[in-house]
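Biologist: Before we discuss the terms used for this model, please put it on the screen.

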Amino acid sequence: MAQYTRISGSVGLITLKNPPVNALSAVVRQGIVDSVERALGEPEVKCLVICGQSGKFCGGADIREFGKKMTGPPLIPVFHAIEAAAKPVVAAIEGIALGGGLELALGCHYRIAHSKAKLGLPEVTLGLLPAAAGSQRLPRLIGVPAALDLITTGRHVTAAEALQLGIVDQVTDHNTVDAAVKFALSVAGQSLDARRISTFPCPRLSNLDAVFEAAMQKVRQAARGAIAPVACVQAVRAAATLPYAQGLEREKELMATLFTSGQARALQYSFFAQRAVGRWSMPSGARWDTSKPKPIRKAAVIGLGTMGRGITVGLAQAGLSVVAVETQEKQLMEAKQAVSGMLERGAKKRGVSPPLGNISYSSNIKTVGDVDLVIEAVFEDMALKKEVFQQLSAVCRPGTFLCTNTSGLDIDDLASQTPNPELVVGMHFFAPAHVMKLLEVVYGPRSSPQAVATAMQLGKVIGKVSVAVGNCQGFVGNRMLSPYLSQANFLLEEGATPEFVDQVLEEFGFAMGAFRMSDLSGLDVGWRVRKAAGLVVPGKPARMRQGCRYSPLGDLLCEQGRFGQKTGSGWYQYDKPGSRVAKPDPWLHSFLEEYRARHGLVARRIDHQEVLERCLYSLINEGFRILEEGIAAGPEDIDVIYVLGYSWPRHRGGPMFYADMVGLTRVLERLEFYHQAHPDVPSLQPCNLLRKLVASGTPPIHRWREVIKKVHSQL
Ligand SMILES: CCCCCCCC/C=C\C/C=C/C(=O)SCCNC(=O)CCNC(=O)[C@H](O)C(C)(C)COP(=O)(O)OP(=O)(O)OC[C@H]1O[C@@H](n2cnc3c(N)ncnc32)[C@H](O)[C@@H]1OP(=O)(O)O
């Protein structure tokens, strides 16, 4: 609702009340209309102030209303009524003014913001555009280039930047509502002619076409097929070239296409999924709301390779004390220098001082005796990790949580090295660990709910989106990647090139195709895993292993020292080791031809559809297996992992959401088709849960959990 009160005798105060973020639901919109009408009708009231309760101005339109029948007054006329008011209306912005929240403020005559407030038009991140006149008012207020930046990226700006841009009129460190009331009283009675943004001409640009061409090129490059950023540029162009009323019409037209699009659905699903994963649960019944995390003040990181360094930076930046341990003195010195550099660069970006003093470096593992939690980040080798865990058990004080940053090793096996396996969990970071948002928190059968809650909470403290997953080889992300990469390799055997497979996957929206990504991560990583699993038979590149089809192509490249970018060659060639520009490699093409000839394989024409379906549906099928086994609690967990950790295009929601969009029946049919053609590839065999979902009438994704529960109860 919106509450109307009179303060200081002559100020009408409208307070938006809709926890948690005062979103503009139908009731709130109606409340604003009623309150404005009332304030304008009261002769004693000289001015109005609009604020939000609990220190939050407004988080925008109520996203939960999208897709439902619209009720209540639409936003545009509400904001026009405010702008047209004959008495000054001041927005008192505390906390947030986002999307419709900022558009509401732009409808007001003045804006006062608290210094800690954040403002922005993030609609583009939800597959929309600021269609409550934001795309028309903002360029008129701050000019086209700045408006294009804010609207196409959706980035939030601080109050200081908002002041500099001209979005707000004043910033205060004190009580914002008091400041707004004082301000409103000071301007009461003055003409409002120059305060109605919709009447402003859009600031002229001499190079208008060039500016919009450049903006369009930039968004198309960054958008990976997303349509909202393009529509945002078109809407701002309308503001720059058309009278306000016509610009509004264009805004409406563009919004109409976006509003019902699959991309908007996917992005809004992704928004809620990212929040839903915080409400984790384990098959044991342990849950986020019944498991209390222990506060972590001091942590240790063991092993200062690339991952350990990034984790140390993340912890220190979040204000924790960190003991960073590396037993090799030379490595320790190098790591210290690298970590300090990372902290300094990060601090410079954020305009703060680097938290160098939060870290103490040591070459002795005994120095971790007084920490609350340890993150082991040594080389991905089980024997080495076990040794470290035995040492940690001897030196850590009782109750210390022992976490391992493994990307797929058995958590339970590691836990068995300690007298307190309940304190052991996996914390699978993604490189670069101080940048990537995703953290897989892996629980073993003996991990305590408190250990899981603590790791999940620590992830949040260091700015990660943490997803709790069960223990299995590769956990969720890497396990699903395995059939995807296998299919990509099989396609090469059958006639495709790495460039073609990557092109199809990149057109779908991945930042990098399977081969470019493998070259970046290092081909030796998978090689080591396959060796440990007994799959690599040097000198004998047979195409079957353990009764299933196997492609030794990756192993053969590794045997030649082609590990990807770092060695200057892999699936592609690079100018020099470490170079990032992948070029098609004639050597690889002849290598593939020779390989096919040696194995009696005849290259055939493979089309886009086959590449996409085989790579994606095999990955999705593994996702269903993961749900069936209870390794992930719901499809949202998998989708968040893929969007944040594996560059799955956000506007496609994630693999499980994509399967829902394509239609489960279609996914099942195509898997059946490909499995018939490749009966020796078990990952193409549709899994039980997928069949059950189709048999139970293909319920929409938000109802899959009901079927999963039934499957679990039958196991
Ligand atoms: C045919 C044409 C039809 C046209 C129809 C036109 C209608 C629209 C017209 C105009 C365009 C206007 C569009 C918008 O305004 S879209 C919304 C823009 N706003 C945002 O994108 C903000 C989204 N929220 C956030 O970024 C964050 O939540 C936050 C910064 C506000 C707060 O962050 P934090 O403190 O970390 O809390 P949480 O993120 O965990 O959120 C708490 C809780 O609140 C829920 N929530 C947040 N924002 C909204 C919202 N705008 N609507 C509904 N619910 C919201 C969030 O989901 C959390 O709840 P939980 O999921 O249950 O955990």
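Modeller: This is a predicted model. Its chain is divided into domain 1 (2-259), domain 2 (298-474), domain 3 (478-598) and domain 4 (616-630 + 652-714). Between the centres of domain 2 and domain 4, taken over C-alpha atoms, there are 35 Å.

Biologist: What makes E12 and E17 the edges of the open sheet?

Modeller: The sheet has 8 strands in the order E12-E11-E10-E13-E14-E15-E16-E17, with mixed pairing. Strand E12 (359-362) and strand E17 (465-470) each have a single partner strand, so one side of each lacks a neighbour in the sheet. From one strand to the next the twist averages 25°.

Biologist: How do you know that strand E10 and strand E13 pair?

Modeller: A pair needs at least two bridges. Strand E10 (residues 298-302) and strand E13 (residues 373-376) have 4 bridges, in the parallel sense, so they count as paired. Ala300 stands opposite Val374 in E13.

Biologist: Which strands does helix H14 touch where it packs on the sheet?

Modeller: Helix H14 (residues 382-395) touches E10, E13 and strand E14 (401-404), and its direction makes about 165° with that of E13.

Biologist: What makes a residue part of the shell around the ligand?

Modeller: Its C-beta atom, placed from the backbone, must lie within 6 Å of the ligand. That gives 26 residues, the closest being Gly60, Ala61, Gly99, Gly100 and Ala132. Strand E5 (96-98), helix H10 (244-259) and helix H11 (262-276) each give two or more residues, and H10 has the largest share, 3 residues. The shell divides into 18 nonpolar, 4 polar and 4 charged residues.

How values were computed:
Residues are numbered from 1 along each chain as its sequence is written. This is a predicted model: local features need pLDDT of at least 70, side-chain atom pairs count only at pLDDT 80 or more; totals for chains, interfaces and linings use all residues. Axes are lines fitted to C-alpha atoms, for helices over the stretch in contact, and angles run from 0 to 180 degrees between N-to-C directions. Two residues are in contact if their C-beta atoms, placed from the backbone, lie within 7 Å. Domain bounds come from an automatic or database domain assignment. Ala, Val, Leu, Ile, Met, Phe, Trp, Tyr, Cys and Pro count as nonpolar, Asp, Glu, Lys and Arg as charged, and the others, Gly among them, as polar.
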